[in-house]
Amino acid sequence: MAIRNIIQIGDETLRKKSFEVTSFDEKLATLLDDMRDTLTKARGAGLAAPQVGILRRVFIVDVEEGYFEFVNPVIVSRSGKQIGQEGCLSVKGKWGTVERPNKVVIKAQDRHGNKFQLTAKEFFARAVCHEYDHLDGILYVDIATEIENEAND
Ligand code: ZN
């Protein structure tokens, strides 16, 4: 396991579309393990593979409901609405106000290729939508209605 470098806004990698995962191999397992270490160290709620420079459809979320790994995710339904504050490990020192669905149903595969589906609500749904956008080169600052600098104290 290792801590990977989190790339920052301005790097073109963050703007590219990620590719489907086709090999559920040791390399994928290492990527996921490293991403988890990196996320824990950064104290974030989620991390997508493009943020560590890997253009693969992979992200992880660590929220109250637990720790989840999503490979080749597809959001199959979005409902409701929530407006709240959001930050990103690739956009340091800023927070934005972003509208997201209050509930999403997501289909994905685990690190072994097994398919699963789950329902995420509230902050969990926000985290899933945020990370999912990374796989298509979208950053929250693109859709935020307001962006603020973090208080410097
Ligand atoms: Zn992010």
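These numbered points describe a predicted model, going from its zinc site to its helices, cores and pocket.

1. **Zinc site.** Three protein residues act as donors to the zinc ion: C88 through SG, H130 through NE2 and H134 through NE2. The donor atoms lie 2.1 to 2.3 Å from the ion. Along the sequence, the donor residues follow the spacing C-x41-H-x3-H.

2. **The two histidines.** H130 and H134 both belong to helix α2, where they are four residues apart, about one turn of the helix. An α-helix has 3.6 residues a turn, so residues three or four places apart point the same way. Both histidines are buried: H130 as well as H134.

3. **Helix α2.** This helix runs over residues 122–134. From first C-alpha to last, α2 reaches 19 Å with its 13 residues, close to the 18 Å expected at 1.5 Å a residue. The helix is mostly covered, with 11 of its 13 residues buried. Among the buried residues are nonpolar ones such as F124, A127 and V128, and also R126, E131 and D133.

4. **Largest nonpolar core.** This core holds 18 residues, and F59, V61, F70, F124 and V128 have the most contacts inside it. Two or more residues come from each of β2 (58–63), β3 (66–79), β6 (103–109), β7 (115–121) and α2. The biggest share is from α2, which gives six residues. In soluble globular proteins, nonpolar side chains tend to be buried together.

5. **V61 as an example from that core.** Which residues does V61 contact, leaving aside its neighbours within four places in sequence? They are A45, G46, G66, Y67, F68, F70, F124, A127, V128 and E131. Of these, F70, F124 and V128 are named with V61 among the residues with the most contacts inside the core. A127 and E131 are buried residues of α2.

6. **Another core.** Apart from the largest core lies another one, of 15 residues. Its members include L39, I60, Y67 and V71. L39 is also one of the buried residues of α1.

7. **Helix α1.** Helix α1 covers residues 26–42, and its 17 residues should span 24 Å at 1.5 Å a residue; the end C-alpha atoms are 24 Å apart, which agrees. Its buried residues are L28, A29, L31, L32, D34, M35, T38 and L39. The cover over these buried residues includes β1 (46–48), β2 and β3.

8. **Two residues with positive phi.** R43 follows α1 and is found in the loop between α1 and β1. Its phi is near 55°, a positive value in a residue other than glycine. N72 also has a positive phi, near 50°, but N72 is found in strand β3. Most residues other than glycine have a negative phi, and most peptide bonds are trans. Are these two residues buried or exposed? R43 has a relative accessible area of 78%, over the 50% cut-off, and so counts as exposed. N72 has 9%, under the 20% cut-off, and so counts as buried.

9. **Y140 beside the zinc donors.** Y140 is found in helix α3 (residues 140–143). With a relative accessible area of 2%, Y140 is buried. Y140 touches two of the zinc donor residues, C88 and H130. Not counting residues up to four places away in sequence, the others Y140 touches are E86, G87, V91, K94, W95, G96, V98 and R100. Y140 and C88 are 52 residues apart in sequence, yet 7.7 Å apart in space, C-alpha to C-alpha.

10. **I143 in the same helix.** I143 also lies in α3. At 37% relative accessibility, I143 counts as partly exposed. Leaving aside neighbours within four places in sequence, I143 is in contact with V98, R100 and D133. I143 and R100 are 43 residues apart in sequence and 9.8 Å apart in space, C-alpha to C-alpha.

11. **Largest pocket.** The largest pocket has a volume of about 540 Å³. It is lined by 28 residues, of which G44, A45, G87, C88 and L89 are the closest to its centre. The elements that give two or more residues to this lining are α1, β4 (82–88), β5 (91–100) and α2. C88 is thus a point shared by two parts of this note: it is among the residues closest to the pocket centre and it is a donor of the zinc ion.

Technical notes:
Residues are numbered from 1 along each chain as its sequence is written. This is a predicted model: local features need pLDDT of at least 70, side-chain atom pairs count only at pLDDT 80 or more; totals for chains, interfaces and linings use all residues. Side-chain values use heavy atoms; hydrogens and water are left out. A nonpolar core is a set of buried Ala, Val, Leu, Ile, Met, Phe, Trp, Tyr and Cys residues joined through side-chain atoms within 4.5 Å. Buried means under 20% relative accessible area, exposed over 50%, partly exposed in between (1.4 Å probe, protein chains only). Contact means heavy atoms within 4.5 Å. Donors are N, O and S atoms within 2.8 Å of the metal (3.2 Å for Na, K and Ca); water is not among the atoms, so sites may look incomplete. The expected span of a helix is 1.5 Å times one less than its number of residues. On a 1 Å grid over the protein atoms alone, a cavity is a set of points where a 1.4 Å probe fits but cannot get out, and a pocket is an open set with protein on both sides within 12 Å along at least five of seven lines; lining residues have an atom within 4 Å of a point. Grid points are joined across faces, edges and corners, and a volume is the space filled by probe spheres set on the points.
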